[in-house]
Amino acid sequence: LRILMTGSAINPPTAQGMQRVIDEWNAMEELLCGVELIVAGYGTDENLRITEGKMIRLLGALTDEQMREEMIQCDAMLIYQPPTTGALTRIREAQIAHIPVIANFDAARSYHHSPLLFEYQSLQQLPAVIKQLTYSQNA
């Protein structure tokens with residue numbers, strides 16, 4: 001399973017949110033066995049601390065074409081946004097492309113109960129939500 005997390009890590013709240021996901025992903029390695037987190041976006045290679053391994057792969061900044069290719073290849077997109085203002089257009093873009101989105105409650109606030117949206121309240125719920133996503137894809 002390939003989960004794509006993108007964001008502009010030059011934006012401090014985005015970088016902080018992405019880093020929280022990365023740290024939690026590493027802590028839940030046994031629960032996320034076989035699930036690869038792909039991290040991409042502006043500033044990700046300079047502003048995030050990632051120990052790459054079998055669970056996390058850092059791509060850094062991508063061209064539009066590379067981003068499209070990653071979106072085609074992924075099984076879902078993961079979004080974590082700390083409480084802040086604004087709606088995330090990346091969710092709508094993924095939904096239009098029929099890509100499931102795993103998003104925390106704050107990130108999903110403009111899209112609650114949308115098709116292909118899997119919401120979580122805390123990062124510790126990610127393994128259960130990913131299991132739910134996998135079940136729905138195989139049903």
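## A first look

How many of the 139 residues of the protein count as buried? In this predicted model, the share is 45%. The protein has 5 helices and 6 strands, and if you follow the chain from the N terminus, the elements come in the order β-α-β-α-β-α-β-α-β-β-α.

## Overall shape and surface

Along the principal axes, the C-alpha atoms fill a box of roughly 40 × 35 × 30 Å. The radius of gyration is 14 Å, which agrees with the value near 14 Å for a compact globule of 139 residues.

Contacts that link distant parts of the sequence are well represented here: among contacts with a separation of 6 or more, 52% are between residues 24 or more positions apart. On the outside, the protein exposes about 7,500 Å², and carbon and sulfur atoms supply 52% of that area.

## The nonpolar cores

In soluble globular proteins, nonpolar side chains tend to be buried together. Here, the largest nonpolar core has 28 residues, and the ones with the most contacts inside it are Ile-3, Trp-25, Leu-37, Val-39, Leu-78 and Ile-102. At least two core residues come from each of β1 (2–6), α1 (12–27), β2 (36–40), β4 (76–79), β6 (117–120) and α5 (126–138). The largest share, 5 residues, is supplied by α1.

Ile-102 is a good place to zoom in. Leaving aside its neighbours within four places in sequence, Ile-102 is in contact with Ile-3, with Ala-76, Met-77, Leu-78 and Ile-79, with Phe-118 and Tyr-120, and with Leu-126, Val-129, Ile-130 and Leu-133. Apart from this core lies another, of 18 residues, including Met-71, Ala-103, Ala-108 and Tyr-111.

## A buried arginine

Now turn to Arg-2, in strand β1. Is Arg-2 buried or exposed? Its relative accessibility is 18%, so Arg-2 counts as buried, the cut-off being under 20%.

The side chains of Arg-2 and Glu-70 are joined by a polar contact of 3.1 Å. Not counting residues up to four places away in sequence, Arg-2 touches Glu-36, Ile-38, Arg-57, Glu-70, Gln-73, Cys-74, Asp-75 and Ala-76.

## Two cysteines apart

How many disulfides are there? The count comes to 0. The cysteine sulfur nearest to that of Cys-33 belongs to Cys-74 and is 20 Å away, whereas a disulfide needs the two sulfur atoms within 2.5 Å. Cys-74 is likewise in no disulfide.

The surroundings of these residues can be compared by their accessibility: Cys-33 counts as exposed at 66%, while Cys-74 counts as buried at 9%.

Note on methods
Residues are numbered from 1 along each chain as its sequence is written. This is a predicted model: local features need pLDDT of at least 70, side-chain atom pairs count only at pLDDT 80 or more; totals for chains, interfaces and linings use all residues. Side-chain values use heavy atoms; hydrogens and water are left out. Buried means under 20% relative accessible area, exposed over 50%, partly exposed in between (1.4 Å probe, protein chains only). A nonpolar core is a set of buried Ala, Val, Leu, Ile, Met, Phe, Trp, Tyr and Cys residues joined through side-chain atoms within 4.5 Å. Helices (H or I, at least four residues) and strands (E, at least two) are DSSP runs, numbered from the N terminus. Contact means heavy atoms within 4.5 Å. A polar contact is a pair of N or O atoms within 3.5 Å; within protein, one must be able to donate a hydrogen and the other to accept it, and residues adjacent in sequence count only if both atoms are side-chain atoms. The radius of gyration is taken over C-alpha atoms; the globule rule is 2.2 Å times the number of residues to the power 0.38. Accessible areas come from the Shrake-Rupley method with a 1.4 Å probe; for residues, only the protein chains shown count as cover.
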